[in-house]
Each structure stands twice: as C-alpha cells, then as structure tokens.
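Hi there,

Here is the structure I promised to pass on. Have a look at it first, and then read my notes below.

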Amino acid sequence: MGIVKIDETLHEEVRKASSAMSRSINAQAEFWLKLGMLAELYPTLSYQQLQLKLLRQVDFKLAEVAHEQGAA
C-alpha cells in the first residue's frame, strides 16, 4: 500500500464518482486503475467486456452466464 499524488481536480472527480457508485474514494480510484490497465492491454474490448474480465479474475460465477447470454 502506498500514497499516490493526483491532481486536485481529478481527486474531486473520484470523490464525486465514488459517491454516485457507493464506493469509497480509494475503491473508486482502484476500480478506475484496474479498468484503465485492462483497457491498455486489450484496446479492442468494450467496457462491458473489460468488466467481465475483472469479474472473472475473482471467479464471479455470473460473469460466465453474462458472457454466454451476450454470445447468443
């Protein structure tokens, strides 16, 4: 765990998003970091496909159901 310095404007946006998404500020920032890293690794995937990748990383069973329904 460490401290990351970010611009105050970005911090305010994280704070607002965390409130809207019912996440802590740290959880919201971590979510955006993970999603951004996946977006760089898989630039052709959609937001929904990236979310499925995150869910599969934690063995979320309904991620497979969502994937199968999307492929149908």
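What follows is a short account of what I found in it.

This is a predicted model, so local features need pLDDT of at least 70 and side-chain atom pairs count only at pLDDT 80 or more, while totals for chains, interfaces and linings use all residues. Residues are numbered from 1 along each chain as its sequence is written, and side-chain values use heavy atoms, with hydrogens and water left out.

On confidence: pLDDT is the predictor's confidence in each residue, from 0 to 100. The protein chain averages 87, and 88% of the residues score at least 70. Among its elements, α1 has the highest mean pLDDT (95) and helix α4 (residues 61-71) the lowest (66). Helices here are DSSP runs (H or I, at least four residues), numbered from the N terminus.

Helix α2 is a good place to start. It covers residues 25-41, 17 residues in all, and reaches 25 Å from its first C-alpha to its last, close to the 24 Å expected at 1.5 Å a residue (the expected span being 1.5 Å times one less than the number of residues). Its buried residues are Q28, F31, L35 and L38; buried means under 20% relative accessible area, exposed over 50%, and partly exposed in between, with a 1.4 Å probe and protein chains only. Seen down the axis of α2, these buried residues fall within an arc of 95 degrees, so they line one face of the helix. The arc is that of the directions from the helix axis to the C-beta atoms. On the other side, N26, L33, M37, E40 and L41 are exposed. The cover over the buried residues of α2 includes α1 (8-20) and α3 (47-57).

The largest nonpolar core has five residues: F31, L35, L38, L50 and L54. Such a core is a set of buried Ala, Val, Leu, Ile, Met, Phe, Trp, Tyr and Cys residues joined through side-chain atoms within 4.5 Å. The largest share of this core, three residues, comes from α2.

Leaving aside neighbours within four places in sequence, L50 is in contact (heavy atoms within 4.5 Å) with L35, L38, A39, Y42 and L45. Y42 sits in the loop between α2 and α3 and is partly exposed, at 35% relative accessible area.

Lastly, S18 lies in helix α1 and is buried, with a relative accessible area of 5%. Its side chain reaches the backbone oxygen of R15 at 2.7 Å.

Best wishes

Definitions and conventions. Helix = DSSP H or I, 4+ residues; strand = E, 2+ residues; numbered from the N terminus. Polar contact = N/O pair within 3.5 Å; in protein donor to acceptor, adjacent residues only side chain to side chain.
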